[in-house]
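Reader: Could you zoom in on one pocket for me and then show me what surrounds it? I'm new to this, so please explain the terms as you go.

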Amino acid sequence: MVTNISRRDFLSAASTVAASIALYEAGGLGPAHAQDTFTASIVGGNFGKAQIREFITKPEFEKKNNVTISFDFAQDNIRAAKAIASCGNPVFTTVDAQGLQAVMLAEAGCLEDYDLSIVTNYADIVDVAKEPPRKGLKHFFALYALMAYGLTYNTKEIAEPKSFEDLLNPKLKGRIAIPSFDWMGPQFLYAINAALGGNDGDLSRGFQFMSDLVKKNGAIVLNNSDSAQQGFTRGEIVAMPFWNGRTNLMIRNKVPVKIVYPKGWVATGNGYLITKGNKFTREANLLVNNTLNPEFQLGIGAEFGYPPSNRKAKLPANLEDIRVPDSALDLAARLDYGAITNNMAANLARWNKDVLA
């Protein structure tokens, strides 16, 4: 999650899922048969290992619930493609996903609602970490780690910014950056457009803002977190929209940065989905409840710098600085991932013309 940038690639998401479904149905992504064991589809690498450790191994989930979990490790869009291709006869019991994939699966009719009589921790998850009702589903997705795309700045170079519009300050010319369209560009575009008074049907304000940042204030267009982190570390950039986890890790490494959460910051992250028609619904809900447990979420925060989504989580003193302040929660953007995906091609063309040309 922290190092795998392509997992946030909204430009390729829809086309990747479509291509993956075709490959899956042709037999290229594995056998097309329903799962007969509890199968959790999650990302690989350190982040996947951390999920298994914190949500399954430490709380002895398998032993306590008399179930054995098998794991399917893959990139987000591939996992979503498999889940959509096997919709109604699922190959997975649960799927770890981000908001975009959650909405795709909900729109396709492939998910079940959480059973709140089992997923009792859902009630304590902050609202910005829950996907609103969609396609008859009322509570089907909640984040277990609150990734935030706020405004990171160099504390030795500039005063604390109060809004994203502060990036237009001429004193910052040539020393700021924005995300490329194939990274976090679409999400930030929609978020800043709404913060400036626009709506999803008219992105003119957002496009004008992005254009002004690039053409008038010399914003560098970056396409991944590593480049941004290097820019901050070397002092080449002093402010940009960026991730709280990455910022928190830079702070641990003595880079003089801080993150703030102006109006329009983006709340995102990962959560577990329950597939429609799976054979282990009760166990799936119990596992989801573990992911939303405030104590279990702390291990993710300690390792990756992303705060828990459960408001009852008690961060130790050495992690208190990773918390998203309560005062910032109402300032978060409410993104409609369906609208973002449906208008991706047109917005890319406009981005290339209005922002980059």
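**A close look at the pocket**

Author: Sixteen residues, or 16 in figures, line the largest pocket, and K258, I259, V260, Y261 and P325 lie nearest its centre. (A pocket is an open set of points on a 1 Å grid over the protein atoms alone where a 1.4 Å probe fits, with protein on both sides within 12 Å along at least five of seven lines; lining residues have an atom within 4 Å of a point.) The model is predicted, so to speak on trust: local features need pLDDT of at least 70 and side-chain atom pairs 80 or more, while totals for chains, interfaces and linings use all residues. Residues count from 1 along each chain as its sequence is written, and side-chain values use heavy atoms, without hydrogens or water.

The space in this largest pocket comes to about 300 Å³, counted as what probe spheres set on the points fill. Who builds the lining? Helix 9, strand 9 (257-260) and helix 12 (326-329) each give two or more residues, and strand 9 gives the largest share, with three. (Helices, H or I with at least four residues, and strands, E with at least two, are DSSP runs numbered from the N terminus.) By type, the lining splits into eight nonpolar, three polar and five charged residues. Here Ala, Val, Leu, Ile, Met, Phe, Trp, Tyr, Cys and Pro are nonpolar, Asp, Glu, Lys and Arg charged, and the others, Gly among them, polar.

Now follow helix 9 (residues 244-252) away from the pocket: its axis comes within 9 Å of that of helix 11 (residues 294-304), and the two cross at roughly 55 degrees. (Axes are lines fitted to C-alpha atoms, for helices over the stretch in contact, with angles from 0 to 180 degrees between N-to-C directions.) That makes helix 9 oblique to helix 11; under 35 degrees is roughly parallel, over 145 roughly antiparallel, 65 to 115 roughly perpendicular and the rest oblique. On the helix 9 side, G245, L249 and R252 make the contact, meeting G301, A302, E303 and F304 of helix 11; contact means heavy atoms within 4.5 Å. These residues come out as three nonpolar, two polar and two charged.

For a contrasting pair, try helix 4 (residues 76-85) and helix 5 (residues 99-107), whose axes come within 10 Å and cross at roughly 10 degrees. That makes helix 4 roughly parallel to helix 5. Look for D76, N77, A80, A83 and I84 in helix 4, which meet Q101, M104 and L105 in helix 5. This contact has five nonpolar residues, two polar and one charged.
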